Amino acid sequence: MSELPLTNVRVKSMTLLADSIVSLLLEALDGSDLPAASAGSHIDVNLGGKLSRCYSVVRRDGAPKRYEIAVAKDARSRGGSRHIHETLRVGDILQIGAPRNLFPLVEDASLSVLIAGGIGITPLWSMVQRLETLGRSWVLHYAARDRSRVAYISDIKAFSEGSTNGKLHVHFDNEHGGQALDIGAVLRDVPTDAHVYCCGPQSMLDTFEAATAARPAGTVHLERFASTQHQGDSQEFTVVLAKSGQSFEVAPDQSILDVLLENGIDVPFGCMQGACGLCETRVLDGTPDHRDSLLSAEARATGQNMLICCSRSRTPVLTLDA
Ligand code: FES
């Protein structure tokens, strides 16, 4: 279980926003205000048992009495989005963690350029609302494969039309011969002191990282909304726990975390998808195969820490400080 304190909330409403995207309004059981969530924050949502996922809070300015999250149904879902779309009902009780922000907005930037792919709009939509409140300049590029897959589009269009600080550009791949948004072109003339943000699928983030490689450190921000844990070959390896001296085999279809929990080892965890950081563990020997969506390129290169819910080993044996 997550180490964070959990709060019971009720699903107040569920709304279909677009093809296979549903929003959930969550409220405290006693109707009290939930803690404020800064733009870019996420909450860990416990969906029952060990099923836990993190979702961006779609913050709206004003008293944060409730949280709104939006969930796209993932055809490869291991239970999280499928459970929400197929099983969860209005009135159900869930447990959530306090909001945490691993994708914070720089509020004093002269210009913020935000690029969203599909459901990656959720943190960026709250950032745009915050920037408008602050009177800061923003440009939002919202891309999706087609018009049936865009959440909040009418709200965002109306918002941008009433904005004095920002602009919205929308791109649908199927209306451009199947071509994805040209992120290089989008960023080409953006001043280097602007802050640029991206949240979307892996292919979009890879392009964004390449297109921003020469930008000044600290001005480039991205958040992945799905881990890459299923990418690449997975081999069996041995994990050794230095403190107890125990060792376990990790099969190709298991995570280190799965194996430790199955063997009664008490380790912290939250999202189980490489996004929340709760399972971060120090590596004493061996080379991790990072498959999370959280650690920076610099942190990965050192190999000193890893997220054991999804990352694996490049060496036959991996020794952890656990
Ligand atoms: S449990 Fe969230 S990153 Fe591992």
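The questions and answers below look at salt bridges and burial in a predicted model.

User: What kind of model is this, and how are residues numbered?
Analyst: This is a predicted model, where local features need pLDDT of at least 70, side-chain atom pairs count only at pLDDT 80 or more, and totals for chains, interfaces and linings use all residues. Side-chain values use heavy atoms, with hydrogens and water left out, and residues are numbered from 1 along each chain as its sequence is written.

User: How many salt bridges does the structure hold?
Analyst: A salt bridge here is a side-chain nitrogen of Lys or Arg within 4 Å of a carboxyl oxygen of Asp or Glu. The number of salt bridges in the structure is 13.

User: Which parts of the chain does the salt bridge of Glu 27 and Arg 10 tie together?
Analyst: The two side chains meet at 3.6 Å, N to O. Helices (H or I, at least four residues) and strands (E, at least two) are DSSP runs, numbered from the N terminus. Glu 27 and Arg 10 are 17 residues apart in sequence, so their pairing ties together strand 2 (residues 21-28) and strand 1 (residues 6-18).

User: Is Glu 27 buried or exposed?
Analyst: Buried means under 20% relative accessible area, exposed over 50%, and partly exposed in between (1.4 Å probe, protein chains only). Its partner Arg 10 has 27% and is partly exposed. Glu 27 has 16% relative accessibility, so this residue counts as buried.

User: How far apart in sequence are the parts tied together by Glu 175 and Arg 147?
Analyst: Their closest N and O atoms are 2.6 Å apart, in a salt bridge. Glu 175 sits in the loop between strand 9 (166-172) and helix 4 (183-188). Arg 147 sits in the loop between strand 8 (137-144) and helix 3 (153-161), so the parts tied together are separated in sequence by 28 residues.

User: Which residue forms a salt bridge with Asp 289, and where does that residue lie?
Analyst: Asp 289 belongs to strand 15 (residues 288-289) and is buried at 11%. The partner is exposed at 59%. The closest N and O atoms are 3.3 Å apart, and the partner is Arg 314. Its place is the loop between strand 17 (312-313) and strand 18 (317-320).

User: What separates the C-alpha atoms of Leu 278 and Asp 258?
Analyst: Leu 278 lies in the loop between helix 6 (256-262) and strand 14 (280-285). Leu 278 is buried, at 15% relative accessible area. The two residues are 20 residues apart along the chain, and their C-alpha atoms are separated by 14 Å.
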